[in-house]
Amino acid sequence: MKNKILVALTLLFGLIMVNFGLNKFFHYIPMPEASPEMMPVIMALVTTGWILPLVAVAEIVGGILIAIPRYRSLGALVILPVMVGIVVHHFAHDRASVGLSLVLFAINVWVIYENREKYLPMVSTTSIQNQGA
């Protein structure tokens, strides 16, 4: 049962990430009115020219990977920095809509936790010692 819930949530999570990533390129979701405090942040992101496309690509790739069971653990790692940025942004600038970002972040952390054995070789000291021999 837990596995079926995780599959459903990661599929939904992946679709949401792909949707918001594609929106950064095609602008089909209307943007809410930005507060005066938020305008300098938005202008800085737009002025750089490369940050929003990079985030969009990470959202699209991470969303696709996390929706495919075989690549779910990789997708969770790809999308994690983006999710941290989303949560921090909502806490700092838009607390009214922080709920969805926290739910998505919790799903991302759950996927990482469920796949923790796949990440162990990356941080294991024994695998580092074996590579040197």
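## What lines the pocket, and what surrounds it

The residues lining the largest pocket split into 22 nonpolar, 9 polar and 4 charged. Keep in mind that this is a predicted model.

That pocket holds about 1400 Å³ of space. Its lining takes in 35 residues, and the ones closest to the centre are Lys24, Met31, Met38, His89 and His90. Five helices each give two or more residues to the lining: H1 (2-26), H2 (39-48), H3 (51-67), H4 (72-93) and H5 (98-114). Which of them gives the largest share of the lining? That would be H4, with 6 residues.

Now for H1. Its 25 residues should span 36 Å at 1.5 Å a residue, and because the end C-alpha atoms are indeed 36 Å apart, the two figures agree. Several residues of H1 are buried, namely Leu6, Thr10, Phe13, Gly14, Ile16, Met17, Val18, Gly21 and Asn23. The cover over these buried residues includes H3, H4 and H5. Right after H1 comes His27, with a positive phi near 55 degrees.

Two residues are worth a look side by side. Leu11 sits in helix H1, while Asn108 is found in helix H5. Is each of them buried, partly exposed or exposed? The table has the values.

| Residue | Relative accessible area | Class |
|---|---|---|
| Leu11 | 43% | partly exposed |
| Asn108 | 0% | buried |

Burial here means a relative accessible area under 20%, so Asn108, at 0%, counts as buried. Leu11 has 43%, which falls between the 20% and 50% cut-offs, so Leu11 is called partly exposed. Leu11 is also 10 residues from Met1 in sequence, with 16 Å between their C-alpha atoms.

What does Asn108 touch, leaving aside residues up to four places away in sequence? The contacts are Phe13, Ile66, Ala76, Ile79, Leu80 and Met83. One of these, Phe13, is itself on the list of buried residues in H1.

Finally, the record. An unreviewed UniProt entry lists residues 44-67, 74-92 and 98-113 under "transmembrane region". How much helix does the model show there? Residues 44-67 are 92% helix and 0% strand, and their end C-alpha atoms lie 32 Å apart. For residues 74-92 the figures are 100% helix and 0% strand, with 28 Å between the end C-alpha atoms.

Methods:
Residues numbered from 1 in each chain as written. Predicted model: local features only at pLDDT ≥ 70, side-chain atom pairs only at ≥ 80, totals over all residues. Heavy atoms only, no water. 1 Å grid on protein atoms, 1.4 Å probe; cavity = no way out; pocket = protein on both sides within 12 Å on 5 of 7 lines; lining within 4 Å. Points joined across faces, edges and corners; volume = space filled by probe spheres on them. Helix = DSSP H or I, 4+ residues; strand = E, 2+ residues; numbered from the N terminus. Nonpolar A, V, L, I, M, F, W, Y, C, P; charged D, E, K, R; others polar. UniProt positions renumbered as here; feature names shortened; annotations may be inferred. Buried < 20%, exposed > 50% of the residue type's maximum accessible area, 1.4 Å probe, protein only. Expected span 1.5 Å × (residues − 1). Contact = heavy atoms within 4.5 Å.
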